[in-house]
Amino acid sequence: MDDFNSKFSLLASAEPTGACGYLTVDLSALRRNYAKMASLVAPGSAAAVVKADAYGLGAGPVSNAFYDAGCRHFFVAQFQEAMALRPQLADDGQIFVLNGLQPGNEELAAIHHIVPVLNSFDQVRRWSQMAGKLRTRLPAVLQFDSGMSRLGFPPEDRRELRSLLQSDQGLDILFMMSHLASADEPEHAQNADQLAAVKSICQEFPDLRISFANSAGVFLGDNYHGFLARPGLALYGGAPVGGAANPMQPVIRLDISVIQTRTVNAGARVGYGAAYVASGERRLATLAAGYADGLLRSLSDRGAVFYQGVRLPIVGRVSMDSMTVDVTDLPDNTLSLGSLVEMIGPHQTLEDVAAAAGTIAYELLTSLGQRYHRRYI
Ligand SMILES: *Cc1c(COP(=O)(O)O)cnc(C)c1O
């Protein structure tokens, strides 16, 4: 083996190259976006929502950037996400599981100091039983449905919950929470309805504080913040309110590798189904990422990438692992194997690509997948 290694010493030290692209995450932009959110919601605090692997950007490094900026409340959706994050985060970073307490996770949650968001009487009962079994008090958050019909105690449960909590359940209820359904449409009547519902929840549970706003909710005004806002998307540089100027700093850059270039004549068919047929001589570049990398198939013949400010339209269908762009507008031989073109960056925002794909920034971000080489700067 030693012999082998010395003979092939170059090989042994070689790093694989040729990533399909580079996803660059700017940790200082994450910290600045957190600081901005925290100042917008002051004197309240800002949590960070880091579910779905921090919207696809890597829950560990991303959460630690927020921690460094002062964040101590971290929300994930699923228990497994909390378990994965726990060893990567300092002990005083609290992790909350939005989707509730699944049967069988009680003991792990208690041991690993993971705080469940309790969404039903059954969840309260099981968490309370675990507190009894361990002869300790366990922390919890209560979620209320204020009009989204998704998670949390419905209005008709509040009275019974109040009387249940009058006797000691062995639980430290840290706070309550509720979630806005239409905050990204500031004019939507549902916002005021949910605010009114939250006000009455606060009257019924006067000893507990409430966490309310998501990213967009922060921009609805102070009365929507609660004592703890729960921004996600805005921290990642996404535009919190559709159609309005984006006050957040961009966090990611996505560059895609060129893997082949060619010149085709009029009539050449490009990609699956020959969905694009060249109308004249065109220069094409094949890029190394496709819908398996979150560059959704709906970008076929619609989206574009940029190279030094020049827009290069996607032609034909996006494949699983590649796509083709028209590079005729660039000088000859500008691009070759290994060149990088911009998918998300200074010339094209996350929102631009999402719009071209007919979706929202949330879906695009969380779809990007694991094949890009990730750089945290
Ligand atoms: C995802 C989520 C958030 C964060 O929402 P953004 O719109 O990304 O800011 C906050 N609260 C709950 C309950 C969520 O599910």
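## Two domains and a ligand

A nitrogen atom of the ligand sits 3.0 Å from an N or O atom in the side chain of Arg230. Keep in mind that this is a predicted model. The protein chain splits into domain 1 (27-236) and domain 2 (252-376), so here's a quick look at the ligand's surroundings and then at how the two domains meet.

**Around the ligand**

- The ligand has 14 residues around it, and the closest are Lys51, Tyr55, Ser215, Leu233 and Tyr362.
- Tyr55 also makes a polar link: an N or O atom of its side chain is 2.5 Å from an oxygen atom of the ligand.
- Gly232 uses its backbone instead, with an N or O atom 2.8 Å from a ligand oxygen.

**Where the domains meet**

- Taken over C-alpha atoms, the centres of domain 1 and domain 2 are 38 Å apart.
- On the contact side, 10 residues of domain 1 touch eight residues of domain 2.
- Together the two domains bury about 910 Å², with 68% of that on carbon and sulfur atoms.
- Tyr55, Leu57 and Leu233 provide 53% of what domain 1 buries against domain 2, more than any other three residues.

**What the interface is made of**

- You'll find zero salt bridges between domain 1 and domain 2.
- Polar contacts do turn up across this interface: two residue pairs, both at pLDDT 80 or more.
- Helix H4 (residues 51-55) gives the largest share of domain 1's side of the interface, three residues.
- By class, that side of domain 1 has seven nonpolar, two polar and one charged residues.

Key
Residues numbered from 1 in each chain as written. Predicted model: local features only at pLDDT ≥ 70, side-chain atom pairs only at ≥ 80, totals over all residues. Heavy atoms only, no water. Contact = heavy atoms within 4.5 Å. Buried area = accessible area lost by both parts, 1.4 Å probe. Salt bridge = Lys/Arg side-chain N within 4 Å of Asp/Glu carboxyl O. Polar contact = N/O pair within 3.5 Å; in protein donor to acceptor, adjacent residues only side chain to side chain. Helix = DSSP H or I, 4+ residues; strand = E, 2+ residues; numbered from the N terminus. Nonpolar A, V, L, I, M, F, W, Y, C, P; charged D, E, K, R; others polar. Near = heavy atom within 4 Å.
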